[in-house]
Amino acid sequence: MSLHWSLWIMFLVVLNLGITLFLFLWGTRVHIPTRDDGTTGHVWAHGTLREGVRKLPGWWYWMSASTFVIGIGYLVLYPGFGAYDGILDWSSRAQLEQAQARNEERLGPVMEQARTQAPSELASDADAVRIGGRLFQDNCAACHGLDARGRTAIGAPDLLDDHWVHGGDEDTILDSIREGRGGVMPAWGFLGYGRVKNLAHYVRSLSGQSHDTAAAAVGREHFSTCAGCHGPDGTGNPAMGAPDLTDEAWMYGGELEQIIASIRDGRQGEMPPWKDRLDEARIRLITAWILSNGPSY
Ligand code: HEC
Ligand code: HEC
């Protein structure tokens with residue numbers, strides 16, 4: 001703090017304390033003209049209220065007096081009076097640094113272990129899993145949901161079921177998080193609404209959901225256009241990020257309307273890469289939390 005600001009703040013502190021102290025002392029001494037009936041003669045609210053004159057209650061007087069003593073004591077002990085540091089030499093920055101150092105010391109062993117250990121092993125360590133859950137909450141829940149059950153509105157998949165778009169073994173999950181993921185499903189709206197709807201009925205038939213049999217049979221004929229990515233039987237292709245259409249797990253939802261929208265408009269889900277934002281230890285801790293089936297936080 002420059003000398004200029006320091007002096008300015010000291011001036012304001014002295015001025016404020018001075019004014020309040022003066023009002024306090026003056027207020028206890030000043031004589032208010034009082035009538036015989038114990039009022040000032042002031043009449044309020046069209047004659048319903050009259051202003052009385054009473055001595056300040058003792059408790060109020062002493063409480064106010066002690067706030068001055070406490071205030072001045074505070075300025076002696078702690079920073080507040082310009083650039084003066086206070087005799088306790090306390091600072092919020094030093095307190096933060098101490099707290100961070102204590103945190104590092106506490107987390108150190110877990111982080112050291114997490115940097116190299118396989119997430120499947122970390123998953124049996126309750127501390128590691130709890131930290132992983134916290135990290136998931138902070139970084140991933142916005143898209144995948146606090147319960148990690150996914151959000152069909154943005155195509156963020158459920159991470160706790162047994163169905164994976166890109167793969168569910170620990171190395172693939174680690175890769176998904178480090179490098180990010182995306183998939184491009186082209187838009188087929190140009191086929192016309194009828195064909196898109198038939199395809200949607202066929203897609204629903206693949207996972208055994210209710211569907212119009214006649215429409216599905218026609219849709220099936222057009223599915224060869226889709227087979228290049230989703231496979232001839234619709235079971236998907238992790239290498240292309242094309243999801244399995246025969247299971248009950250849906251990135252964008254399995255209702256007829258949602259499937260029609262997926263086919264008509266196409267889908268381009270995007271999961272951002274995390275390797276520059278989270279270190280390896282933290283990525284492994286989150287993976288451990290996912291593998292341990294994301295228990296409570
Ligand atoms: C901006 C939204 C968003 C955030 C934040 C996000 N994800 Fe994702 N994630 C997605 C989307 C969308 C996909 C599907 C990508 C695709 O289209 O293939 C996905 C896919 C994944 C997959 C692959 C799932 C599978 O079935 O193969 C994993 C694993 C994953 N995310 C984990 C995480 C973790 C862990 C975090 C936090 C570090 C995270 N995600 C943060 C949106 C997000
Ligand atoms: C070029 C490859 C490709 C082709 C061809 C393709 N898809 Fe896809 N499809 C994808 C990918 C990749 C996704 C996932 C999109 C994402 O990651 O956001 C997807 C997603 C979907 C979904 C959403 C699934 C869910 O879980 O919500 C449906 C439904 C679908 N495709 C149906 C079809 C149908 C029907 C056809 C044929 C008309 C087709 N796809 C052709 C690659 C393809």
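**Exercise 1. Find how the side chains of Arg50 and Asp37 meet in this predicted model, and place both residues.**

Step 1. Check the contact. The side chains form a salt bridge, with 3.0 Å from N to O. Side chains of opposite charge can pair when their charged atoms come close.

Step 2. Place the partners. Arg50 sits in strand 2 (residues 49–52), while Asp37 is in the loop between helix 1 and strand 1 (39–44). They are 13 residues apart, and the pair links distant parts of the chain.

Step 3. Judge the surroundings. Arg50 has a relative accessible area of 55%, so the residue is exposed. Asp37 has 47%, so the residue is partly exposed.

Step 4. Set the pair in context. The whole structure holds 10 salt bridges.

**Exercise 2. Work out which salt bridges Asp175 and Glu179 form.**

Step 1. Start with Asp175. Its partner is Arg178, with the closest N and O atoms 3.3 Å apart.

Step 2. Explain the spacing. Both residues lie in helix 7, three residues apart, so about one helical turn separates Asp175 from Arg178.

Step 3. Compare accessibility with the cut-off. Buried means under 20% relative accessible area. Arg178, at 19%, therefore counts as buried. Asp175, at 35%, counts as partly exposed.

Step 4. Turn to Glu179. Its salt bridge is with Lys275, and the closest N and O atoms are 3.0 Å apart. Here the pair links distant parts of the chain: Glu179 belongs to helix 7, Lys275 to the loop between strand 4 and helix 12, 96 residues apart. Both are partly exposed, Lys275 at 44% and Glu179 at 43%.

Step 5. Look for shared partners. Asp175, Arg178, Glu280 and Arg284 are joined by salt bridges into one network.

**Exercise 3. Describe the shell around ligand 1 and the polar contacts there.**

Step 1. List the neighbours. There are 27 residues around ligand 1, and Cys140, Cys143, His144, His166 and Met271 come nearest.

Step 2. Sort them. The shell has 16 nonpolar, nine polar and two charged residues.

Step 3. Pick out polar contacts. A polar side-chain atom of His144 is 2.8 Å from a nitrogen atom of ligand 1. A polar backbone atom of Val165 lies 2.7 Å from an oxygen atom of the ligand. For Gly269, a polar backbone atom is 3.4 Å from an oxygen atom of ligand 1.

Step 4. Assign elements. Helix 6 (141–144), helix 7 (170–179), strand 3 and strand 4 each give two or more residues to this shell.

**Exercise 4. Repeat the analysis for ligand 2.**

Step 1. List the neighbours. The ligand is surrounded by 26 residues, the closest being Met185, Cys226, Cys229, His230 and Tyr252.

Step 2. Sort them. The shell divides into 17 nonpolar, eight polar and one charged.

Step 3. Pick out polar contacts. The side chain of Tyr252 places an N or O atom 2.4 Å from an oxygen atom of ligand 2. Backbone N or O atoms also approach ligand oxygen atoms: from Met251 at 2.7 Å, and from Gly269 at 2.6 Å.

Step 4. Assign elements. Those with at least two residues in the shell include strand 3 (181–185), helix 8 (193–206) and helix 11 (256–265). Helix 10 supplies the largest share, four residues.

**Exercise 5. Is Thr287 buried or exposed, and which backbone oxygen does its side chain reach?**

Step 1. Locate Thr287. The residue is in helix 12 (residues 280–291).

Step 2. Apply accessibility. The relative accessible area is 0%, so Thr287 is buried.

Step 3. Trace the side chain. The side chain of Thr287 reaches the backbone oxygen of Ile283 at 2.8 Å.

Technical notes: Residues are numbered from 1 along each chain as its sequence is written. Chains are lettered from A and ligands numbered from 1 in the order in which they are written. This is a predicted model: local features need pLDDT of at least 70, side-chain atom pairs count only at pLDDT 80 or more; totals for chains, interfaces and linings use all residues. Side-chain values use heavy atoms; hydrogens and water are left out. A residue is near a molecule or strand if one of its heavy atoms lies within 4 Å of it. A polar contact is a pair of N or O atoms within 3.5 Å; within protein, one must be able to donate a hydrogen and the other to accept it, and residues adjacent in sequence count only if both atoms are side-chain atoms. Ala, Val, Leu, Ile, Met, Phe, Trp, Tyr, Cys and Pro count as nonpolar, Asp, Glu, Lys and Arg as charged, and the others, Gly among them, as polar. Buried means under 20% relative accessible area, exposed over 50%, partly exposed in between (1.4 Å probe, protein chains only). A salt bridge is a side-chain nitrogen of Lys or Arg within 4 Å of a carboxyl oxygen of Asp or Glu.
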